[in-house]
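This report goes through one protein chain, from its hydrophobic interior to its overall dimensions and surface. Please keep the sequence and the model at hand while reading.

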Amino acid sequence: RSSDLEIEDLNENLVTPDRQLVHEGPLRIKTDGGEKSGDYVFLFTDLIIFVQKKGTRRFQFVGKMGMHTITVQEDPSPTSFQLIQKTSPTSKKIEYILSVDDEKQKDEWFLHFSNVQR
């Protein structure tokens, strides 16, 4: 399924023996400072990739995070949740707000993120 996928500027082979694509879809990402970090997400068993959609299966790489560095938390909004990244015990935590169009999508994403949490 991901063989017809093109992600510009991603300099990494996403195919590894123990990596699986868990979920993908439109998900708006903003940092706590308000800047936008992408509009589409690929959630793998060990990695999350943020991209900007450019075409049907064409994307621009925006960023990635190891799943072991993040925690997912509920957000007061019915259509968003928080992603908190801490790369090491001494590093500053970075907060992201992830938002979708409706509560059903939020619940779906939240469940996928919670299932992948290590």
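## Nonpolar cores

A nonpolar core here is a set of buried Ala, Val, Leu, Ile, Met, Phe, Trp, Tyr and Cys residues joined through side-chain atoms within 4.5 Å. Buried means under 20% relative accessible area. The model examined is a predicted one.

By that definition, 19 residues make up the largest nonpolar core. Within this core, the residues with the most contacts are Leu-27, Ile-48, Phe-81, Leu-83, Leu-98, Trp-109 and Phe-113. At least two core residues come from each of β4 (40–44), β5 (47–53), β7 (70–74), β8 (80–85), β9 (94–99) and α1 (103–116). The largest share belongs to α1, with four residues. A second core, separate from this one, has 11 residues, including Ile-7, Leu-10, Val-51 and Phe-59. In soluble globular proteins, nonpolar side chains tend to be buried together.

## Surroundings of Leu-27

Which residues does Leu-27 touch, leaving out those up to four places away in sequence? Its partners are Gly-38, Asp-39, Tyr-40, Val-41, Phe-81, Leu-98, Ser-99, Val-100, Trp-109 and Phe-113. Among these, Phe-81, Leu-98, Trp-109 and Phe-113 also appear in the list of core residues with the most contacts.

## Fold and dimensions

The protein chain contains nine strands and one helix. In sequence order the pattern is β-β-β-β-β-β-β-β-β-α. Residues 24 or more positions apart supply 43% of the contacts that have a separation of 6 or more.

The radius of gyration of the protein chain is 14 Å; a compact globule of 118 residues would have a value near 13 Å, so the two agree. Taken along the principal axes, the C-alpha atoms fill a box of roughly 35 × 35 × 25 Å.

## Surface and charge

Of the 118 residues, 42% count as buried. The exposed area of the protein chain is about 6,800 Å², and 50% of it is supplied by carbon and sulfur atoms. There are 16 positive and 19 negative side chains, and the centres of these two sets are 2 Å apart.

## Thr-90 and its loop

Thr-90 sits in the loop between β8 and β9. Is Thr-90 buried or exposed? Its relative accessibility is 77%, so Thr-90 counts as exposed, the cut-off being over 50%.

Thr-90 and Val-100 are 10 residues apart along the chain, and their C-alpha atoms are separated by 31 Å. Val-100, at the other end of that span, is one of the residues touched by Leu-27.

How values were computed. Residues are numbered from 1 along each chain as its sequence is written. This is a predicted model: local features need pLDDT of at least 70, side-chain atom pairs count only at pLDDT 80 or more; totals for chains, interfaces and linings use all residues. Side-chain values use heavy atoms; hydrogens and water are left out. The radius of gyration is taken over C-alpha atoms; the globule rule is 2.2 Å times the number of residues to the power 0.38. Buried means under 20% relative accessible area, exposed over 50%, partly exposed in between (1.4 Å probe, protein chains only). Contact means heavy atoms within 4.5 Å. Accessible areas come from the Shrake-Rupley method with a 1.4 Å probe; for residues, only the protein chains shown count as cover. Lys and Arg count as positive and Asp and Glu as negative; His and the chain ends are not counted. The place of a charge is taken as NZ of Lys, CZ of Arg, CG of Asp or CD of Glu.
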